[in-house]
Amino acid sequence: MDKPKYTISVAAELSGISIHTLRMYEREGLIIPFKKESNQRRYSDRDIDRIRCIRETINEHKLGLEAIRRVLSLIPCWAIIKCTEKDRENCQAFVSYSKPCWVFEHKNNTCRDRDCRECEVYQSFMHCGSIKDKLKELLPPNKG
DNA sequence: ATTCTAACA
DNA sequence: TGTTAGTA
């Protein structure tokens, strides 16, 4: 399910997104494809789902890539992975909300030995609506 | 033949 | 978003 299977041309065909736009998604930090030694991209089935989710969100809400990037930047990763105070001091994502946490270098904190592709934070946008579900877990049950 | 980055009529 | 240039 999450194995590097498709080249960018196949991924473009499966998702209905042009190759060029696929690379733009990546530049905006919306998707993290696998990379071969040759620097060539490889996409998994989960990546395809994620790309479809991004496209649907853009179409339905008339958003641009930058808007989506901002939304993803606001995902409270620190609460999701419960990192320590020390980790947060050394985390750019905790201070800045300009980019999704997974696009930053995680050199001096717990995310250093974490594969962002496998992280719940990154995957909270794997399916549309999953961000909402993730936030529900974090917030106290709402009575009413 | 395909993909990569970067740049632009 | 498309496309083209010059590589690998």
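Which residues in H1 meet which residues in H3? In this predicted model, Ala11, Leu14 and Ser15 of H1 face a group in H3 that consists of Asp47, Ile48, Ile51, Arg52 and Arg55. Sorted by class, the contact of H1 with H3 comprises 4 nonpolar, 1 polar and 3 charged residues. Two packed helices are described by the angle between their axes and the distance between the axes. Helix H1 spans residues 8-15 and helix H3 spans residues 45-61, and the two pack at an angle of about 50°, their axes lying 10 Å apart. H1 and H3 are therefore oblique to each other, and their crossing is right-handed.

The surroundings of the two DNA strands were examined next. Around DNA strand B are found Thr7, Ile8, Ser9, Arg23, Asn39, Gln40 and Arg41, and the surface near this strand divides into 1 nonpolar, 4 polar and 2 charged residues. DNA strand C, for its part, is surrounded by Ser18, His20, Thr21 and Met24; the surface near strand C has 1 nonpolar and 3 polar residues, with no charged residues.

A further position considered is Asp115, which is located in the loop between helix H7 (92-95) and helix H8 (120-123). Because Asp115 has 10 C-beta neighbours inside 10 Å, and a residue with 12 or fewer is classed as exposed, Asp115 counts as exposed. Between Asp115 and Gly29 there is a separation of 86 residues in sequence, while in space the two are 15 Å apart, C-alpha to C-alpha.

Conventions. Residues are numbered from 1 along each chain as its sequence is written. Chains are lettered from A and ligands numbered from 1 in the order in which they are written. This is a predicted model: local features need pLDDT of at least 70, side-chain atom pairs count only at pLDDT 80 or more; totals for chains, interfaces and linings use all residues. A residue is near a molecule or strand if its C-beta atom, placed from the backbone, lies within 6 Å of it. Ala, Val, Leu, Ile, Met, Phe, Trp, Tyr, Cys and Pro count as nonpolar, Asp, Glu, Lys and Arg as charged, and the others, Gly among them, as polar. Axes are lines fitted to C-alpha atoms, for helices over the stretch in contact, and angles run from 0 to 180 degrees between N-to-C directions. Helices (H or I, at least four residues) and strands (E, at least two) are DSSP runs, numbered from the N terminus. Angles under 35 degrees count as roughly parallel, over 145 as roughly antiparallel, 65 to 115 as roughly perpendicular and the rest as oblique. A crossing is left-handed if the near helix is turned anticlockwise from the far one by less than a right angle, and right-handed if clockwise. Two residues are in contact if their C-beta atoms, placed from the backbone, lie within 7 Å. A residue is buried if 20 or more other C-beta atoms lie within 10 Å of its own, exposed if 12 or fewer, and partly exposed in between; C-beta atoms are placed from the backbone.
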